[in-house]
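User: Please take a close look at a single part of this model, the enclosed space inside it, and describe in one connected account what surrounds that space.

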There are 2 protein chains.
Amino acid sequence: MTPRDDASTATRKEQILDAAAELFALQGFYKTTTALVAKSVGVTQPYVFHFFRTKEELFLAVLDRGYRRLVHAFSAVESPPEELVHRMGGAFEALLVTHRNEILLVMQAYAIPEPAIREEVKAKFDEIHRMVGSRFAQAGIPNASGEAGMFIGTGLLIALSQILELPRLLPWCDPE
Amino acid sequence: MTPRDDASTATRKEQILDAAAELFALQGFYKTTTALVAKSVGVTQPYVFHFFRTKEELFLAVLDRGYRRLVHAFSAVESPPEELVHRMGGAFEALLVTHRNEILLVMQAYAIPEPAIREEVKAKFDEIHRMVGSRFAQAGIPNASGEAGMFIGTGLLIALSQILELPRLLPWCDPE
DNA sequence: CACTCCTTATTTATCGATAAATAAATTTAT
DNA sequence: ATAAATTTATTTATCGATAAATAAGGAGTG
């Protein structure tokens, strides 16, 4: 069986990335074993190491895909200046629906104490902040950088409320 | 002041809690071994289990202390209504100085996928949100519950910026 | 006072489980 | 047949947890 004549047309490497994304998001970096990832794809555990030298490398690959999707979604938002912040929020929530696990993973990866992971997370959050801030600035929003920070803070709150299953933490989910 | 909260007269159990708080905050739940905690106190690893039945129980004890300190600090804030939000923020930042590790631990514990831990984190964040929200309401702040949510979101952002060493994420830390 | 009893604090030794990673063998497709 | 895809077998390491032993210090009693 050659790669890609599988029903899903996904490469083994892609399947592994997909399975890893779900497991890492649901169970975290440490509780997700390479054996679990392998089993979820339907291959043996050592075979995972054929595509990724270490478990950390696999995690970083998953993470990178997630951050790239976020950055791309934010940069693709087209909007009149007065609606930009709201539409950016909409883009985030849309991704949260279509790629829930990946986004939740990305939003909580800063809590993983592996130096290499933390470095990547730091670089990516910095990139997102600068990108969002410059779009806000371009739209004439005052204190654009500060607003970009609060935008990220809101994203963190959304992720927290999803992970803990506490929707009432969200400001716009008011109880009657 | 309870009996023996002086560093030199601290009980072994308290010493272990202190060391665990620092290590858990710095290295996370999984990378912090009971052997490390023991070594940092100067006792042997199995002795930790004399005070805490499991590593998770030790972690929960540390966490509980942290959340209680937060809740107490917020409830102790006295302020005229128009300054309440600002003063509450000040109380959070004060704790971040005096008990940095504990607070950072508390703010990122939601990312730990152990069911028992997640339950405690959920209950505590709910409690904080309700408490802050009702104080905001008492001060006549409109949409108090929503403001309490944003208050927590800001706390998450502060923790993120500290953990990643990215101070420019904070809205009030404007670059020149 | 001295002798035994019991408690408190702590260590030594070790088990059982799990997980990442490596190397070598084997199957499958072309 | 040969090269890629994948497995089997195994290693190495670590960690949480248990059990049993040791040492020191009162406290009560004759």
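Analyst: A cavity is here a set of grid points where a 1.4 Å probe fits but cannot get out, and its volume is the space filled by probe spheres set on those points. The model is predicted, and by this rule three cavities of 30 Å³ or more are counted in it. The largest cavity holds about 290 Å³ of space. It is lined by 29 residues, and those closest to its centre are A:Ala111, A:Ile112, A:Pro113, B:Ala111 and B:Ile112. Two or more lining residues come from each of helix H1 (12-31) and H6 of chain A, and from each of helix H1 (12-31) and helix H6 (100-108) of chain B. In character the lining of the largest cavity divides into 21 nonpolar, six polar and two charged residues.

That both chains contribute to this lining leads to the relation between them. Chain B is superposed on chain A by a rotation of 180 degrees with 0.0 Å of shift along the axis, at an RMSD of 0.0 Å, and the two copies are thus related as by a two-fold rotation axis. The same surface serves both copies, since 100% of the contact residues of chain B recur in chain A. Within chain B, the residue that comes closest to the rotation axis is B:Gly153, whose C-alpha lies at 2.5 Å.

Helix H6 of chain B, one of the elements of that lining, is mostly covered, with eight of its nine residues buried; among them are B:Glu102, B:Leu105, B:Val106 and B:Met107. The cover over the buried residues of H6(B) includes helix H7 (115-138) of chain A, together with H1, H4, helix H5 (84-98), H7 and H8 of chain B. B:Val106 and B:Met107 also line the second largest cavity, as do B:Phe125 and B:Ile128. This second largest cavity has a volume of about 80 Å³, and its lining divides into 10 nonpolar residues, one polar and no charged.

The charged residue of H6(B) at position 102 deserves separate attention. B:Glu102 is buried, with a relative accessible area of 5%, and its side chain meets that of B:Arg65 in a salt bridge of 3.5 Å, N to O. Because B:Glu102 lies in helix H6 and B:Arg65 in helix H4 of chain B, the pair ties together parts that are 37 residues apart in sequence. B:Arg65 is partly exposed, at 23% relative accessible area.

In chain A, A:Glu102 lies in helix H6 (residues 100-108) and is likewise buried, with a relative accessible area of 5%. A:Glu102 forms a salt bridge with A:Arg65, the closest N and O atoms being 3.6 Å apart, and it touches A:Arg65, A:Gly66 and A:Arg69 when residues up to four places away in sequence are not counted. A:Asp18, A:Arg65, A:Arg69 and A:Glu102 are linked in a network of salt bridges.

A further salt bridge joins the side chains of B:Lys31 and A:Glu114, at 3.6 Å from N to O, and this pair crosses between chains, from helix H1 of chain B to the loop between H6 and H7 of chain A. B:Lys31 is partly exposed, with a relative accessible area of 31%, whereas A:Glu114 counts as buried at 12%. Over all chains, a search of the whole structure finds 20 salt bridges.

Definitions and conventions:
Residues are numbered from 1 along each chain as its sequence is written. Chains are lettered from A and ligands numbered from 1 in the order in which they are written. This is a predicted model: local features need pLDDT of at least 70, side-chain atom pairs count only at pLDDT 80 or more; totals for chains, interfaces and linings use all residues. Side-chain values use heavy atoms; hydrogens and water are left out. Copies are superposed by least squares on the C-alpha atoms of residues with pLDDT of at least 70 in both. Contact means heavy atoms within 4.5 Å. Helices (H or I, at least four residues) and strands (E, at least two) are DSSP runs, numbered from the N terminus. Buried means under 20% relative accessible area, exposed over 50%, partly exposed in between (1.4 Å probe, protein chains only). On a 1 Å grid over the protein atoms alone, a cavity is a set of points where a 1.4 Å probe fits but cannot get out, and a pocket is an open set with protein on both sides within 12 Å along at least five of seven lines; lining residues have an atom within 4 Å of a point. Ala, Val, Leu, Ile, Met, Phe, Trp, Tyr, Cys and Pro count as nonpolar, Asp, Glu, Lys and Arg as charged, and the others, Gly among them, as polar. A salt bridge is a side-chain nitrogen of Lys or Arg within 4 Å of a carboxyl oxygen of Asp or Glu.
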